[in-house]
Amino acid sequence: MACILKRKSVIAVSFIAAFLFLLVVRLVNEVNFPLLLNCFGQPGTKWIPFSYTYRRPLRTHYGYINVRTQEPLQLDCNLCAIVSNSGQMVGQKVGNEIDQSSCIWRMNNAPTKGYEEDVGRMTMIRVVSHTSVPLLLKNPDYFFKEANATIYVIWGPFRNMRKDGNGIVYNMLKKTVDLYPKAQIYVTTEKRMSYCDGVFKKETGKDRF
């Protein structure tokens with residue numbers, strides 16, 4: 001009896017060890033195991049031992065700083081969809097096409113709920129004007145809840161974005177990340193904002209602020 005129990009224990013340990021080995025190899029080398037995947041309800045795929053898929057490294061954008069961590073934005077996009085918040089989007093029925101993009105950019109507090117067929121469901125990045133921040137804060141759970149993986153890039157004049165306690169908008173954002181620690185909120189640096197203002201003036205002949 002003891003011998004049988006010992007044999008069963010050895011078999012169980014061997015099975016667990018084999019499973020962990022296959023899992024590690026799968027994670028490191030992206031090997032697909034048809035039988036193992038089928039156990040979890042996944043379709044069988046071709047097994048290519050020690051295959052490797054190249055992952056593009058994230059680019060560091062030093063002009064955008066995380067309000068909570070003070071680290072620069074890391075992002076790399078292959079195919080971008082920049083979605084207008086204009087009412088002209090209603091009836092366009094391009095939601096599915098937009099959602100197929102690797103990076104989906106939206107402006108300010110432009111809604112998606114109720115307009116999915118026209119503008120899509122997914123949002124990766126929201127570019128938000130300093131004047132629109134209060135609009136986001138009217139519904140913070142919707143925009144900044146933990147399940148929301150959206151990156152927010154806030155831009156505005158230095159007087160509103162300064163970090164010395166006198167920046168009205170920056171102070172709002174600091175309170176927001178205190179309440180929602182997982183919110184990914186970035187602000188433009190003064191140098192980056194000056195560059196953008198220069199581009200705007202060159203293109204339009206007008207000062208932004």
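**View 1. Strand β6 within its surroundings.** Strand β6 is largely enclosed by the rest of the structure, because 4 of its 5 residues are buried. The model shown here and in every other view is a predicted one. On one side of the pairing pattern, β5 and β6 run parallel and are held in register by 5 bridges. Two of the residue pairs can be picked out by eye: R126 has Y152 of β6 as its bridge partner, and S129 has W155 of β6 as its bridge partner. Strand β6 also pairs with β7, again in the parallel sense, and 4 bridges join these two strands. Within that second pairing, V153 stands opposite Y186 of β7.

**View 2. Strand β5 and its two sets of side chains.** Strand β5, which covers residues 125–129, is mostly covered, since 5 of its 5 residues are buried. In a regular strand, the side chains alternate between the two faces of the sheet. In β5 the residues I125, V127 and S129 point one way, while R126 and V128 point the other way, and all of them are buried. A student who follows the strand residue by residue can therefore look for burial on both sides, because the residues pointing either way are buried. Besides its pairing with β6, strand β5 pairs with β4 in the parallel sense, over 3 bridges. In this pairing M107 stands opposite V127 of β5.

**View 3. The largest nonpolar core.** The largest nonpolar core of the model holds 17 residues, and those with the most contacts inside it are V67, F144, Y152, I154, L173, I185 and V187. Several elements contribute to this core, with at least two residues supplied by each of α5 (133–137), α6 (140–144), β6 (151–155), α8 (168–179) and β7 (184–188). Helix α8 provides the largest share, which amounts to 4 residues. A second core, separate from this one, has 9 residues and includes L73, I125, V153 and Y186.

**View 4. The contacts of I154.** I154 is one of the residues with the most contacts inside the largest nonpolar core. When residues up to four places away in sequence are not counted, I154 touches V128, V133, M161, V169, L173, I185, Y186, V187 and T188. Among these partners, L173, I185 and V187 are themselves listed with the most contacts inside the core.

**View 5. T176 in helix α8.** T176 is found in helix α8, and with a relative accessibility of 5% this residue counts as buried. The side chain of T176 reaches the backbone oxygen of M172, at a distance of 2.8 Å. Once its neighbours within four places in sequence are left aside, T176 is in contact with L137, F144 and I185. Two of these partners, F144 and I185, also appear among the residues with the most contacts inside the largest nonpolar core.

**View 6. The disulfide between C77 and C103.** A disulfide joins C77 to C103, and the distance from sulfur to sulfur is 1.9 Å. A disulfide is a covalent bond between the sulfur atoms of two cysteines. The link of C77 and C103 is left-handed, with an angle of -85° about the S-S bond. Because C77 lies in the loop between β2 (72–75) and β3 (80–83) while C103 lies in strand β4 (residues 103–107), the pair ties together parts that are 26 residues apart in sequence. C103 has a relative accessibility of 1% and so counts as buried.

**View 7. Cysteines C80 and C196.** The count for the model comes to 1 disulfide. The cysteine sulfur closest to that of C80 is in C77, but at 4.0 Å it is too far for a bond, because a disulfide requires sulfur atoms within 2.5 Å. C80 is partly exposed, with a relative accessible area of 42%. C196 is partly exposed as well, with a relative accessible area of 23%.

**View 8. The protein chain as a whole.** The protein chain contains 9 helices and 7 strands, and buried residues make up 31% of its 209 residues. Of the contacts between residues at least 6 apart in sequence, 46% join residues at least 24 apart. The chain exposes about 14400 Å², and carbon and sulfur atoms supply 59% of that area.

Methods:
Residues numbered from 1 in each chain as written. Predicted model: local features only at pLDDT ≥ 70, side-chain atom pairs only at ≥ 80, totals over all residues. Heavy atoms only, no water. Buried < 20%, exposed > 50% of the residue type's maximum accessible area, 1.4 Å probe, protein only. Core = buried A, V, L, I, M, F, W, Y, C linked by side-chain atoms within 4.5 Å. Contact = heavy atoms within 4.5 Å. Areas by Shrake-Rupley, 256 points an atom, 1.4 Å probe, with all protein chains shown as cover. Pairing = 2+ DSSP bridges. Polar contact = N/O pair within 3.5 Å; in protein donor to acceptor, adjacent residues only side chain to side chain.
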